[in-house]
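Colleague: Please take one part of this model and go through it closely, strand by strand and residue by residue. Then add whatever else deserves a look.

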Amino acid sequence: MEDTPFPQDETPIPPNIRSLKDLINLVTGKNDQPAASSGASGLADIRPFPLLAMVGLEELKLALLLSVINPAIGGALLIGPRGTGKTTAARGLSTLLPMVERSSCYYGCLPEDVEIGGIDAVCPDCARKYAEGNLSKIVEPMRIVELPLTSTIEDVIGSLDERALVHDRTRIKRGILSLADQNLLYVDEINLLPAQVTDAILDAAAQGTYTIRHGAISATYWSRFILVGSMNPDEGSLRPPIMDRFGLRVFAHPLEESRTRLLAYELAADYRRNPHQFVSRYEVETEAARQEIIAARKALPGVKTGDRIYKIGSEIIKELGIKSLRAEIALFEATRAYAAAAGREIPELTDLLTVAPLALRLRRGDSAHHRPADEEAEIDSAIKKYCE
Ligand SMILES: [Zn+2]
């Protein structure tokens, strides 16, 4: 959505992570890291289970990191059975998030509201501050805002505050979509939400703003968030057009090997015994990975997809018979993010081919006719033609 410079963190980038591959290796425990668990602890998440400490889930972690590096990808949908670590991974991402600029006002007012909608677009207090040249933003770490499954449409978009009678802006109680501006919105079990709520979330995510109206009263809010949804396909499907609106779709497969499962159990037990101590074991690596993400976000505007990548990407999309134009957006933006993380200004073919399954699977409206395993094989064979 945005290619603008991000607020910068000061800490220098540690030299041990130079590419997204290094980062993924670090995150997935391949660099002699103490590997660890994908088990949800069930504890109150005072300090979430570190993403770096999770065993397996390589594709899922890659999708989360790419989504944070480049919000224009359009977020990610995490698909898998209960207990495979989807929510633990999304929460574990919180310590890897960069700094962002946000509204400091209870009503969500921003200087750009005045620039677009005039002085009445902000609350009276912010209007005064704007006139004095003092309407500023706060710089804070990006947060993970979780949408409860019980959320109503009023919770999501906002509702009329009957007690406040001063100004349009103050008469509306902000919804979760506005609170998620510049953050990451995590929607667990998105397939179980009412269609009206899902549509509101997807529209707001796509447009970056939304307007709420109650009779003559209306207010417009920013909703520039990274959308991450999760679903357990055993509990219900997701309409194909909804599936298509996520930039990336990844599977969270249960760990199969007994030894890996045992390791996951031991690490989850360690975390449960002393979350603080467990999390602090990963602090250095977590900060290194966070700096890598910040560096990639900063480098992203300079990454240009060349003609060859466009041509090959378009050919793969055509061969798979994908009609949706979102395929190109997700594929090329994810390729740029992957290249940015690897320190390349011009994406290579491997960057494109690595992200292609994530960006292209489950995008055909007739997915009911394609078993996931068949579709994976089809994508795999389309990609192999270009492997050097
Ligand atoms: Zn305000």
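Modeller: I start with one strand and its sheet, then move to a few residues and the last helices.

The model is a predicted one. The chain has 17 helices and 11 strands. Of its 388 residues, 45% are buried. Take the contacts with a sequence separation of 6 or more: 78% of them join residues 24 or more positions apart.

Now the part itself, strand β1. It covers residues 76-79. In a regular strand, side chains alternate between the two faces of the sheet. On β1, Ala76 and Leu78 are on one side. Leu77 and Ile79 are on the other. Which of these four are buried? All of them are, and both faces of the strand are covered.

Next, the neighbours of β1. One is β10, residues 226-231, joined to β1 by four bridges. The other is β11, residues 248-251, and four bridges make that link too. β1 runs parallel to β10 and parallel to β11. Individual partners can be named. Leu77 stands opposite Gly229 of β10. On the β11 side, Ala76 is bridged to Leu248, and Leu78 to Val250.

Step back to the whole sheet. It is open and has five strands, in the order β4-β7-β10-β1-β11. The pairing is parallel. β4 (144-147) and β11 are the edge strands, each pairing on one side only. On average, neighbouring strands are turned by 20° against each other, direction ignored.

Follow the chain past β11. Pro254 sits in the loop between β11 and α11. Is Pro254 buried or partly exposed? It counts as partly exposed because it has 13 C-beta neighbours inside 10 Å; the exposed class stops at 12 or fewer. Leaving aside residues up to four places away in sequence, Pro254 touches Pro81 and Thr84. Thr84 is 170 residues from Pro254 along the chain, yet their C-alpha atoms are separated by 5.3 Å.

Helix α11 (residues 258-273) holds Arg272. Arg272 has 15 C-beta neighbours inside 10 Å, so it counts as partly exposed. Another long-range pair turns up here. Arg272 and Phe49 are 223 residues apart in sequence, but 9.4 Å apart in space, C-alpha to C-alpha.

Two residues deserve a backbone check. Leu57 has a positive phi of about 60° although it is not a glycine. Leu57 is found in the loop between α1 (20-27) and α2 (58-69). Leu57 is buried because 26 other C-beta atoms lie within 10 Å, and 20 or more is the cut-off. The second is Glu189, again not a glycine, with a positive phi near 50°. Glu189 lies in the loop between β7 (184-187) and α9 (195-207). With 17 other C-beta atoms within 10 Å, Glu189 is partly exposed.

Last, the helices toward the end of the numbering. Two packed helices are described by the angle between their axes and the distance between the axes. Start with α15 (residues 326-341) and α16: their axes come within 8 Å and cross at roughly 140°. That angle makes α15 oblique to α16. The crossing is right-handed. From α15, the contact takes in Ala327, Ala330, Leu331, Ala334, Thr335, Tyr338 and Ala339. From α16 come Asp351, Leu352, Thr354, Val355, Ala356, Leu358, Ala359 and Leu360. By class, that is 12 nonpolar residues, two polar and one charged.

α16 (residues 349-360) also meets α17 (residues 372-384). Here the axes come within 10 Å and cross at roughly 150°. α16 passes α17 in a right-handed crossing. α16 contributes Leu353, Ala356, Pro357 and Leu360 to the contact, and α17 contributes Glu376, Ile379 and Ile383. Six of these are nonpolar, none is polar and one is charged. Ala356 and Leu360 appear in the contact with α17 and also in the contact with α15.

Note on methods. Residues numbered from 1 in each chain as written. Predicted model: local features only at pLDDT ≥ 70, side-chain atom pairs only at ≥ 80, totals over all residues. Axes fitted to C-alpha atoms, helices over the stretch in contact; angles between N-to-C directions. Left-handed = near helix turned anticlockwise from the far one by under 90°. Contact = placed C-beta atoms within 7 Å. Nonpolar A, V, L, I, M, F, W, Y, C, P; charged D, E, K, R; others polar. Pairing = 2+ DSSP bridges. Parallel < 35°, antiparallel > 145°, perpendicular 65-115°, else oblique.
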